[in-house]
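Thank you for asking me to look over this chain with you. My comments are set out as numbered points, so that you can follow each one while turning the structure on your screen.

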Amino acid sequence: MAAMNELNPDFKDGKGETKVTLSKTREQQDGPLKGEKFSNHSSTIKANSTIKSTCVRVRLPLNGELYGYDVEIPDGHQIDANKTVITPKSDVIEIKIVKIGEFTLPA
C-alpha cells in the first residue's frame, strides 16, 4: 500500500473539547474519492482508526490507497479516549476530541 493520502483538517478548538472536520482535498474530490461517501465506509473507518490518549488516527483504506489524518496531542497533555468519537458523514469525517485539562489543538 502506498503512503497515506492526508485528508484536509479543519480545527474548531473549544474549552474541554475540539471538533476536527476532515474533508477531501480538491485533488481527492476530482479524482480517486469522487462520488465516495465516507458514511458508506463507516465500519471500515472505525475498524481501521485508533483513539489513544495521545493521538487520534483516522484511516480509510480504499481501492488500494490509504486515506486519513493523525491528530497529535501536545506533549504532556491527554484526551479522554473513551469519550472521543469519530463520526463518518457523507462528505466529511467529524472527530469530537474530549480534552483532559486545558490545551489548544492544533498545537
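The points below go from the whole chain to its sheets, its core and a few single residues.

1. Please keep in mind throughout that this is a predicted model, and that every value in this note was computed. As to the overall make-up, the secondary structure of the protein chain comes to 2 helices and 9 strands. When these elements are read along the sequence, they follow the pattern β-β-β-α-α-β-β-β-β-β-β.

2. The radius of gyration of the protein chain is 14 Å, close to the 13 Å that the globule rule gives for 107 residues, so the chain is as compact as a globular protein of that length. Taken along the principal axes, the box filled by the C-alpha atoms is roughly 40 × 25 × 25 Å. Of the 107 residues, 34% count as buried, and among contacts with a separation of 6 or more, 57% are made by residues that are 24 or more positions apart.

3. Let us turn to the sheet that is easiest to trace strand by strand. An open sheet is formed by 4 strands in the order β1-β6-β5-β4, and its pairing is mixed. The edges are taken by β1 (5–6) and β4 (50–52), and because each of these has a single partner strand, one side of each is left without a neighbour in the sheet.

4. The pairings inside this sheet can be followed one at a time. At one edge, β1 and β6 pair in the parallel sense over 2 bridges, and here the bridge partner of N5 is Y67 in β6. In the middle, β5 and β6 run antiparallel and are joined by 8 bridges, one position of which can be found by looking at C55, whose bridge partner in β6 is E72. At the other edge, β4 and β5 pair in the antiparallel sense over 3 bridges, with K52 standing opposite C55 in β5.

5. Two hairpins deserve a look. In the hairpin of β5 and β6 there are 2 residues between the strands, and N63 takes a positive phi near 50 degrees. The other hairpin is made by β2 and β3, with 3 residues between them, and in its turn G16 has a positive phi of about 85 degrees. The strands of this second hairpin, β2 (residues 8–13) and β3 (residues 17–23), run antiparallel and are joined by 6 bridges, and K12 has K19 in β3 as its bridge partner.

6. Which residues have the most contacts inside the largest nonpolar core? This core has 21 residues, and those with the most contacts inside it are L22, V56, V58, V71, I93, I95 and I97. Two or more residues are given to this core by each of β3, β5 (55–62), β6 (65–72) and β9 (92–100), and the largest share, 4 residues, comes from β5. As background for a first reading, nonpolar side chains in soluble globular proteins tend to be buried together.

7. V58 is a good residue to centre your view on. This valine lies in strand β5, and V58 counts as buried because its relative accessibility is 1%, while the cut-off for that class is under 20%. Leaving aside neighbours within four places in sequence, V58 is in contact with L22, I45, S49, Y67, G68, Y69, I86, I93 and I95. The C-alpha atoms of V58 and E6 are separated by 9.8 Å, although the two residues are 52 residues apart along the chain.

8. I93 can be examined in the same way. Leaving aside neighbours within four places in sequence, its contacts include L7, V20, T21, L22, F38, I45 and V58, together with I86, T87 and P88.

9. Is H41, in the loop between α1 (26–30) and α2 (42–48), buried or exposed? H41 counts as buried, at 15% relative accessibility. Apart from neighbours within four places in sequence, H41 is in contact with E36, L60 and L62.

10. Lastly, consider the aromatic rings. A search of the whole structure finds 0 aromatic pairs, but charges do sit over rings. K24 lies over the face of F38, at 5.6 Å from the ring centre, and the charged end of K99 sits over the ring of F103, 5.3 Å from its centre.

Key: Residues numbered from 1 in each chain as written. Predicted model: local features only at pLDDT ≥ 70, side-chain atom pairs only at ≥ 80, totals over all residues. Heavy atoms only, no water. Pairing = 2+ DSSP bridges. Core = buried A, V, L, I, M, F, W, Y, C linked by side-chain atoms within 4.5 Å. Buried < 20%, exposed > 50% of the residue type's maximum accessible area, 1.4 Å probe, protein only. Contact = heavy atoms within 4.5 Å. Phe/Tyr/Trp six-rings, centres within 6.5 Å; stacked < 30°, edge-to-face > 60°. Lys NZ or Arg CZ within 6 Å of the ring centre and 35° of its normal. Rg over C-alpha atoms; globule rule 2.2 N^0.38 Å.
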